[in-house]
Amino acid sequence: METGGTELEAKRLTRGAGILLAITSLPSSYGIGTLGDAAFQFIDLLVDLKQRYWQMLPVGPTGFGDSPYQSYSAFAGNPYLIDLDNLVKQGLLREEEIRSFRWGTDETDIDYAMIYQNRYQVLRMAYSRFDETEEEFRQFLKQAEDWIDDYALYMALKKHFGDKEWQSWEEPLRDRYPEAMEEYREKLKDDILFYKFCQYEFFKQWKFLKEYAHSRGIRLIGDMPFYIGADSADVWANRELFLLKKDGTPDGVAGAPPDAFTEEGQKWGCPVYNWKRMEQDDFLWWQKRVTEQAAMFDVIRLDHFNGIVKYYTVSDKAQNGKNGKWNKGPGKKLTEVIEKAAKDTHIIVEDIGTKYSLPGVKKLLAKTGWSGIKILMFAFGDDTANENLPHNYTDSNLVVYVGTHDNDTIVGYFRDKTDYELAYLYEYLNIKYKEEIPDALIRAAYASIADLVIIQMQDLLKLGNEARMNAPSTVGNNWRWRLGRDHLSEERRAWIRTLATVYRR
């Protein structure tokens with residue numbers, strides 16, 4: 001059934017502006033941003049700056065490489081985000097206990113190794129004082145019954161086996177033999193309950209944050225990764241939904257072909273979906289996943305929308321993304337399921353990609369009525385017909401970014417470019433000097449017809465690539481940037497407020 005004009009209008013975002021900032025990037029005394037006071041203060045800052053939206057990165061538990069796009073679960077929350085001060089208020093921790101651990105010395109960096117070592121020890125102290133018979137806890141377990149048993153058992157087993165991926169566990173557990181599962185549920189019951197406690201605390205704190213955001217007129221934009229990590233509770237518990245070998249390792253992995261930004265392409269390492277099998281139960285796993293995301297967020301950003309139309313796979317043995325192949329995705333069958341599960345929650349899709357994957361993407365996007373995106377940083381590379389240039393926008397049902405978490409910061413991107421390379425950009429933005437670029441690009445985004453403009457916090461602070469969030473295809477230095485005590489000056493705040501007012505944001 002084609003979507004009618006009135007229905008499409010109902011899906012439109014309210015014209016406005018927002019800031020992209022990961023919760024992990026918030027300031028805190030304990031090494032990583034949390035759902036605590038700094039998150040509430042950031043909402044106050046958004047209100048002060050006349051913003052309407054807070055876009056976050058995915059909030060699931062992170063695995064290898066600390067990437068929020070390689071989560072241990074498509075449903076669970078990241079225990080690192082649990083605010084420890086809140087646990088003190090609940091009487092589950094004492095301040096001196098938290099402060100007896102080291103959390104890192106650099107306010108602008110996350111030391112994930114240290115957080116990993118210490119965070120769970122502190123959370124276990126809190127758990128030791130928790131009353132598991134609480135009615136509210138029991139209610140939560142009932143609401144989360146679709147996923148929490150598998151997730152908690154998976155995490156307990158992972159700890160038991162020294163953090164090894166599930167594919168290398170002993171066969172009865174790797175392949176989920178009922179007797180082995182039952183044996184370990186009993187053997188690890190305390191650990192299992194601990195991981196359930198963490199989820200209870202995460203979602204309880206999340207509820208308070210969301211309610212506060214709404215009370216202040218701020219809407220939350222969540223980021224939903226398209227793929228899920230191979231080493232995850234979801235793949236272990238639902239092997240039939242993924243293309244895997246007998247031992248559970250991926251039979252080919254997701255990636256991206258070479259392009260202007262990555263000469264060797266990308267190998268993401270995530271297993272690809274068994275779309276034929278998923279279709280048999282009307283994509284039930286996706287339905288449940290989208291339903292939960294819609295309950296958490298006001299707007300869902302669906303990562304890698306192109307993969308629904310056409311997805312790229314490489315051999316699991318490949319070194320890079322050079323020699324992959326294209327495969328047909330589920331298309332409209334999946335978007336209709338997502339639409340139904342999302343109900344009134346708005347959807348933004350990351351519809352950028354290569355010249356090979358784009359045919360069909362625009363067509364499907366138009367049928368859904370969802371908002372696509374434009375990235376100004378990509379606008380000045382070739383000619384005046386570039387679709388990322390504001391004068392080429394044909395529809396306001398868009399979200400415009402200057403750059404995203406996967407790009408250089410504005411300052412970093414243009415730092416080494418010559419005046420010759422920048423001649424068109426200078427002319428377009430009516431500026432003369434490199435130092436003027438960040439503000440001129442932000443103003444151009446605000447002035448555009450796009451319904452929504454989202455600017456990274458790093459770019460509002462005019463930081464260089466030392467503050468870059470992620471460099472695709474690299475491991476080790478990503479996802480670590482924190483706001484620290486960097487703050488916007490009053491002059492800067494006034495400028496952002498003015499933009500929001502002048503351009504009816």
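## Strand 9

In this predicted model, strand 9 covers residues 346–349, and its side chains go two ways: His346 and Ile348 point to one side, Ile347 and Val349 to the other. All four residues are buried. In a regular strand, side chains alternate between the two faces of the sheet.

Strand 9 pairs with strand 6 (residues 299–302) in the parallel sense, over 4 bridges. Within this pairing, Val349 of strand 9 is the bridge partner of Leu302.

## The sheet

Strand 9 belongs to an open sheet of 8 strands, ordered 9-6-3-2-1-12-11-10, with parallel pairing. Strand 9 and strand 10 (372–375) are the edge strands; each has a single partner strand, so one side of each lacks a neighbour in the sheet. On average, neighbouring strands are turned by 25° against each other, direction ignored.

Elsewhere in the order, strand 11 (residues 398–401) pairs with strand 12 (residues 452–456), in the parallel sense and over 3 bridges. Here Val399 stands opposite Leu452 of strand 12.

## Helix 19 and helix 21

Helix 19 (residues 437–447) packs against helix 21 (residues 490–502) at an angle of about 30°, and the axes are 10 Å apart. Because angles under 35 degrees count as roughly parallel, helix 19 is described as roughly parallel to helix 21. The crossing of helix 19 with helix 21 is right-handed.

Helix 19 contributes Asp439, Ile442, Arg443 and Tyr446 to the contact, while helix 21 contributes Arg492, Trp495, Ile496, Leu499 and Ala500. By class, this contact has 6 nonpolar and 3 charged residues, and no polar ones.

Note on methods
Residues are numbered from 1 along each chain as its sequence is written. This is a predicted model: local features need pLDDT of at least 70, side-chain atom pairs count only at pLDDT 80 or more; totals for chains, interfaces and linings use all residues. Side-chain values use heavy atoms; hydrogens and water are left out. Buried means under 20% relative accessible area, exposed over 50%, partly exposed in between (1.4 Å probe, protein chains only). Two strands pair if DSSP finds at least two bridges between them. Axes are lines fitted to C-alpha atoms, for helices over the stretch in contact, and angles run from 0 to 180 degrees between N-to-C directions. Angles under 35 degrees count as roughly parallel, over 145 as roughly antiparallel, 65 to 115 as roughly perpendicular and the rest as oblique. A crossing is left-handed if the near helix is turned anticlockwise from the far one by less than a right angle, and right-handed if clockwise. Contact means heavy atoms within 4.5 Å. Ala, Val, Leu, Ile, Met, Phe, Trp, Tyr, Cys and Pro count as nonpolar, Asp, Glu, Lys and Arg as charged, and the others, Gly among them, as polar.
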